[in-house]
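Student: I should like to go through this structure and ask, for each label attached to it, what the label rests on. May we begin with the cysteines?

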Amino acid sequence: SHELCSQLFVYGTLRRGVDNHFARILSDHATLIGPATMQGRLYAVDSFPGMILSQDPEERVKGEVYRLRNPSDTLPVLDGYEGCGPHYSPPYEFDRVLSVATLEDGRAMECWVYVYRGRPAEEKRIPSGDYLASLSAPLR
């Protein structure tokens, strides 16, 4: 069943190299499988990025795949961070859905991912699909 999926693809504030409380919770409770990409488009929503899934295989978002040791414990904590747990009422800004990430060696892996549910403006697009790289380069 879906609830048994223990992989999580992260592309924004939960990535390695971002220092925050929830990124630390993730790294403490999960094993990094490795860098990966997922088909989607990345936007600078606010002080954080949001990914929407794409039909275009050329559109990729960069991130990492983690394997959660106790998904039933850790996912609700991360849902709270992303604002889509039971303590929040819909419509959520983010939703946790299953999609497929591609690892560097070409393996495809089903993962949870938090997708953005808003309609971001096209000028907020991060064309590289790489949130961490966009932090060091100004948005044009």
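Student: How many disulfides does the protein have, and how is a disulfide recognised here?

Tutor: This is a predicted model. A disulfide is a covalent bond between the sulfur atoms of two cysteines. The rule applied asks for a pair of cysteine sulfur atoms within 2.5 Å, and by this rule the count is zero disulfides. Cys-84 is in no disulfide, since the nearest cysteine sulfur, that of Cys-5, is 15 Å away.

Student: What makes Cys-111 unpaired?

Tutor: The closest cysteine sulfur to that of Cys-111 belongs to Cys-5 and lies 6.2 Å away. The cut-off is 2.5 Å, so the distance of 6.2 Å is too far for a bond.

Student: Are Cys-84 and Cys-111 buried or exposed, and how do you know?

Tutor: Buried means under 20% relative accessible area. Cys-84 has 9% and is therefore buried. Cys-111 has 0%, so Cys-111 is buried as well.

Student: Which residues touch Cys-84?

Tutor: Among them are Tyr-114 and Phe-94.

Student: Where is Tyr-114, and why is the term buried or exposed applied to Tyr-114?

Tutor: Tyr-114 is in strand β6, residues 108-116. Its relative accessibility is 3%; the limit for buried is under 20%, so Tyr-114 counts as buried. Leaving aside residues up to four places away in sequence, Tyr-114 touches Leu-8, Tyr-11, Leu-75, Leu-78, Asp-79, Glu-82, Cys-84, Phe-94, Asp-95 and Arg-96.

Student: What makes a pair of residues count as touching?

Tutor: Heavy atoms of the two must lie within 4.5 Å. A C-alpha distance is another matter: the C-alpha atoms of Tyr-114 and Gly-63 are separated by 12 Å, with their positions 51 residues apart along the chain.

Student: What can be said of Phe-94, and why is it called buried or exposed?

Tutor: Phe-94 is found in strand β5. With a relative accessible area of 4%, against a limit of under 20%, Phe-94 is therefore buried. Beyond residues up to four places away in sequence, its contacts include Tyr-11, Phe-48, Pro-49, Gly-50 and Glu-82, and also Tyr-114, Val-115, Tyr-116 and Arg-117. Phe-94 and Val-115 are 21 residues apart in sequence, and their C-alpha atoms are 5.4 Å apart in space.

Student: Leu-98 is found in strand β5 too. Why is Leu-98 called partly exposed?

Tutor: Its relative accessible area is 22%. Buried requires under 20% and exposed over 50%, with partly exposed in between; 22% falls in between, so Leu-98 is partly exposed. The C-alpha atoms of Leu-98 and Phe-9 are separated by 9.5 Å, although the two are 89 residues apart along the chain.

Student: How do the helix residues Thr-74 and Ser-134 stand against the limit for buried?

Tutor: Thr-74 is in helix α2, residues 71-82. At 5% relative accessibility, under the limit of 20%, Thr-74 counts as buried. Its contacts, not counting residues up to four places away in sequence, are His-29 and Leu-68. Ser-134 lies in helix α3, residues 131-136. Its 16% is also under 20%, so Ser-134 counts as buried. Ser-134 and Ala-44 are 90 residues apart in sequence and 9.1 Å apart in space, C-alpha to C-alpha.

Student: What kind of peptide bond joins Pro-90 and Pro-91, and what is its omega?

Tutor: The bond is cis, with omega at about 0 degrees. Pro-91 is in the loop between α2 and β5, where β5 covers 94-103.

Student: In what order do the elements of the whole protein run?

Tutor: The protein has three helices and six strands. Starting at the N terminus, the order is β-α-β-β-β-α-β-β-α.

Student: How do you know that the radius of gyration agrees with a compact globule?

Tutor: For 140 residues, a compact globule would have a radius of gyration near 14 Å; the protein has 14 Å, and therefore the two agree. The C-alpha trace spans about 40 × 40 × 30 Å along its principal axes. Of the 140 residues, 44% count as buried. Among contacts with a separation of 6 or more, 67% come from residues 24 or more positions apart.

Key. Residues numbered from 1 in each chain as written. Predicted model: local features only at pLDDT ≥ 70, side-chain atom pairs only at ≥ 80, totals over all residues. Heavy atoms only, no water. Helix = DSSP H or I, 4+ residues; strand = E, 2+ residues; numbered from the N terminus. Rg over C-alpha atoms; globule rule 2.2 N^0.38 Å. Buried < 20%, exposed > 50% of the residue type's maximum accessible area, 1.4 Å probe, protein only.
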